[in-house]
Amino acid sequence: MVKSLFGQRHLRYLEQYRRSAYINLPTSARLNTYLTEIDEQVQEQSHRLIEDMEQAQGITQSG
């Protein structure tokens, strides 16, 4: 079962709005791989957005 937040949310989206994908992915044994990729993409985009916002506001990390 998918434990990542974004993977779980995307799974609910598929179940509600993309029923054929929701049915086909588990039967093709690609569901967990697909949801893991979605989660990684969202996390990467989130980190990039935060970095862009920090740079635009002149925020630097100390440490």
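The paragraphs below walk through this predicted model, from its confidence to its helices, its core and individual residues.

Because the model is predicted, local features are reported only at a pLDDT of at least 70 and side-chain atom pairs only at pLDDT 80 or more, while totals for chains, interfaces and linings use all residues. Residues are numbered from 1 along each chain as its sequence is written, and side-chain values rest on heavy atoms, with hydrogens and water left out.

The predictor's confidence in each residue is expressed as pLDDT, on a scale from 0 to 100, and the chain averages 84, with 90% of the residues scoring at least 70. Helices are DSSP runs of H or I with at least four residues, strands are runs of E with at least two, and both are numbered from the N terminus. In the chain, confidence is lowest in helix H2 (residues 19-27), with a mean of 83, and highest in H3, with a mean of 89.

A natural place to begin is the packing of H1 against H2. Two packed helices are described by the angle between their axes and the distance between the axes. Here the axes are lines fitted to C-alpha atoms, for helices over the stretch in contact, with angles from 0 to 180 degrees between N-to-C directions. The axes of H1 and H2 come within 5 Å and cross at roughly 120°, and the two helices are therefore oblique to each other, given that angles under 35 degrees count as roughly parallel, over 145 as roughly antiparallel, 65 to 115 as roughly perpendicular and the rest as oblique. In terms of contact, which means heavy atoms within 4.5 Å, Leu11, Leu14, Glu15 and Tyr17 of H1 meet Arg19, Ala21, Tyr22 and Leu25 of H2.

Leu11, Leu14 and Leu25 also belong to the largest nonpolar core, whose five residues include Leu31 and Leu35 as well. Such a core is a set of buried Ala, Val, Leu, Ile, Met, Phe, Trp, Tyr and Cys residues joined through side-chain atoms within 4.5 Å, where buried means under 20% relative accessible area, exposed means over 50% and partly exposed lies in between (1.4 Å probe, protein chains only). The elements that give two or more residues to this core are H1 and helix H3 (31-57).

Two further residues of H1 reach towards other parts of the chain. His10, located in helix H1, is buried at a relative accessible area of 17%, and, apart from neighbours within four places in sequence, His10 is in contact with Tyr34, Leu35 and Ile38. Phe6, also found in helix H1, is partly exposed at 29%; with the same neighbours within four places set aside, Phe6 is in contact with Asp39, Val42 and Gln43.

The structure holds one aromatic pair. Tyr13 and Tyr17 form this pair, which is tilted, at 5.6 Å centre to centre and 40° between the planes; rings of Phe, Tyr and Trp (its six-membered ring) pair if their centres lie within 6.5 Å, with planes under 30 degrees apart counted as stacked, over 60 as edge-to-face and the rest as tilted. Because Tyr13 and Tyr17 are four residues apart in helix H1 (residues 5-17), about one helical turn separates them. Tyr13 is partly exposed, with a relative accessible area of 37%, whereas Tyr17 is exposed, at 58%.

Helix H3 also carries residues with accessible surface. Arg48, found in helix H3, is partly exposed at 42%, and Met53, placed in helix H3, is partly exposed at 45%, while Ala56, again in helix H3, counts as exposed at 69% relative accessibility. Measures of separation complete the picture: Arg48 and Leu5, 43 residues apart in sequence, are 18 Å apart in space, C-alpha to C-alpha, and the C-alpha atoms of Ala56 and Leu5, 51 residues apart along the chain, are separated by 28 Å.
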